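User: I'd like to go through the labels given to this model and see what stands behind each of them. Could you walk me through the reasoning?

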Amino acid sequence: MISTEDLRFFSIVSESVSLAAAARSLDVSSPAVTQRLRLLEEKIGVRLVDRSTRHLTLTTEGELLAARGRRLIEEVDDLAEILASRRGAVTGHLRIAAPFGFGRRFVAPAAALFRARYPETSVGLDLFDNPISDKAEAWDIIVHVGELIDSAMQVRVLARNDRILCASPAYLERRGVPESPRELRHHECAALRENSQDATYWRFHHAELGTESVRIHPVMSSNDGAVVRSWALDGRAVVIRSEWDVAEDLKAGRLMQLLPGWSPPSADVVVLLGSKHGRTARTTHFLQILQEILSPTPWREPSIGPAEPHPEVRA
């Protein structure tokens with residue numbers, strides 16, 4: 001008979017690009033995953049994974065088990081949570097997805113604090129350059145920074161966040177200060193490739209002059225915001241970065257804001273929730289903690305400083 005642990009194991013396998021990736025998610029060796037999968041197939045009597053392809057591909061039976069198994073796991077988890085709530089407990093596994101930089105800076109401390117407050121829970125935090133690009137249903141909470149494409153999920157704004165055009169004093173001394181968006185065509189710019197957006201098409205809005213767009217020709221590009229910020233700090237290029245990331249650099253004079261009358265589109269910090277996940281106790285309590293960390297908005301305070309461990313999670 002198939003157990004709930006079998007279903008949880010195969011759910012992770014089905015959501016992975018390879019058995020090696022599944023092994024990393026399960027924190028076991030690849031041979032251990034292969035062996036457990038073989039035993040599960042023997043127990044059921046059908047092949048679940050097509051091993052003739054380079055990437056993990058489910059058979060028809062594997063697709064059926066993954067889909068039905070996921071629903072059964074959710075029902076079991078719902079029942080366990082309802083029973084736990086009767087005794088005032090917060091339990092279960094919380095699955096969080098977030099962007100690289102913001103996730104390290106703000107979401108990771110929130111996850112640690114959540115686990116310290118609610119020891120009957122476990123937490124999985126995965127960081128991506130675009131956490132909503134694929135398999136959104138795999139997460140209880142998705143933290144997103146920036147413009148949001150249409151989504152059927154619930155959206156809650158956590159904090160306001162602007163994008164800022166900036167460069168270092170050394171760069172400006174070497175190349176001069178642009179006076180309008182169109183002058184950026186003649187500057188060395190670095191682009192951040194994220195959220196499947198056109199990284200070379202920069203848009204700006206001016207309260208009196210309206211909207212102006214410019215197609216830059218980046219001398220460097222990356223999908224990691226920390227890399228793009230480092231290039232700006234080193235005087236290599238003009239960049240557009242989130243306010244949360246460069247606020248301290250601007251206050252310290254390491255970076256200078258350019259074209260202050262012209263504003264790139266804002267990049268508010270939001271969370272996306274499925275209709276079911278938005279009602280779970282662990283999701284609600286984690287969001288409360290994340291809101292605590294982001295209220296008042298840290299990057300709009302006199303000094304945001306480095307992320308510090310909360311007293312509750314210090315050794």
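**Reasons behind the labels**

Analyst: Happy to! Let's start in the segment after H9, where Pro296 is found. Please keep in mind that this is a predicted model.

User: What makes the peptide bond from Ser295 to Pro296 cis?

Analyst: Its omega is near -5 degrees, and the bond is cis. As background, most peptide bonds are trans.

User: How many aromatic pairs are there?

Analyst: The count comes to eight aromatic pairs. One of them joins Phe102 and Trp299, with 6.1 Å centre to centre and 75 degrees between the planes.

User: Why is the pair of Phe102 and Trp299 called edge-to-face?

Analyst: Ring centres must lie within 6.5 Å, and planes over 60 degrees apart count as edge-to-face. At 6.1 Å and 75 degrees, Phe102 and Trp299 therefore earn the label. Phe102 lies in helix H5 (residues 100-117) and Trp299 in the segment after helix H9 (281-293), so this pair ties together parts that are 197 residues apart in sequence. Both Phe102 and Trp299 are buried.

User: What makes Phe106 and Trp244 an edge-to-face pair?

Analyst: The same rule applies, with a limit of 6.5 Å for the centres and over 60 degrees for the planes. Phe106 and Trp244 come out at 6.0 Å centre to centre with 80 degrees between the planes, so edge-to-face is the right name. Since Phe106 lies in helix H5 and Trp244 in helix H8 (residues 243-252), parts that are 138 residues apart in sequence are tied together. Phe102, Phe106, Trp244 and Trp299 form one aromatic cluster.

User: How do you know whether Phe106 is buried or exposed?

Analyst: Buried means under 20% relative accessible area. Phe106 has 6%, so it is buried. Trp244 also has a relative accessible area of 6%, so Trp244 is buried.

User: Which label does Asp27 get, buried or exposed?

Analyst: The cut-off for exposed is over 50%. Asp27 has a relative accessible area of 70%, so it is exposed. Asp27 lies in the loop between H2 and H3, and has a positive phi of about 60 degrees although it is not a glycine. For context, most residues other than glycine have a negative phi.

User: What about Leu259, buried or exposed?

Analyst: Its relative accessible area is 5%, and with buried meaning under 20%, Leu259 is therefore buried. Leu259 lies in the loop between strand S13 (256-257) and strand S14 (262-263). Leu259 has a positive phi of about 45 degrees, although it is not a glycine.

User: Why do S9 and S10 count as paired?

Analyst: At least two bridges are needed. Strand S9 (residues 201-206) and strand S10 (residues 210-215) have six bridges in the antiparallel sense, so they count as paired. Within the pairing, Arg203 stands opposite Ser213 in S10.

Note on methods:
Residues are numbered from 1 along each chain as its sequence is written. This is a predicted model: local features need pLDDT of at least 70, side-chain atom pairs count only at pLDDT 80 or more; totals for chains, interfaces and linings use all residues. Side-chain values use heavy atoms; hydrogens and water are left out. Helices (H or I, at least four residues) and strands (E, at least two) are DSSP runs, numbered from the N terminus. Rings of Phe, Tyr and Trp (its six-membered ring) pair if their centres lie within 6.5 Å; planes under 30 degrees apart count as stacked, over 60 as edge-to-face and the rest as tilted. Buried means under 20% relative accessible area, exposed over 50%, partly exposed in between (1.4 Å probe, protein chains only).
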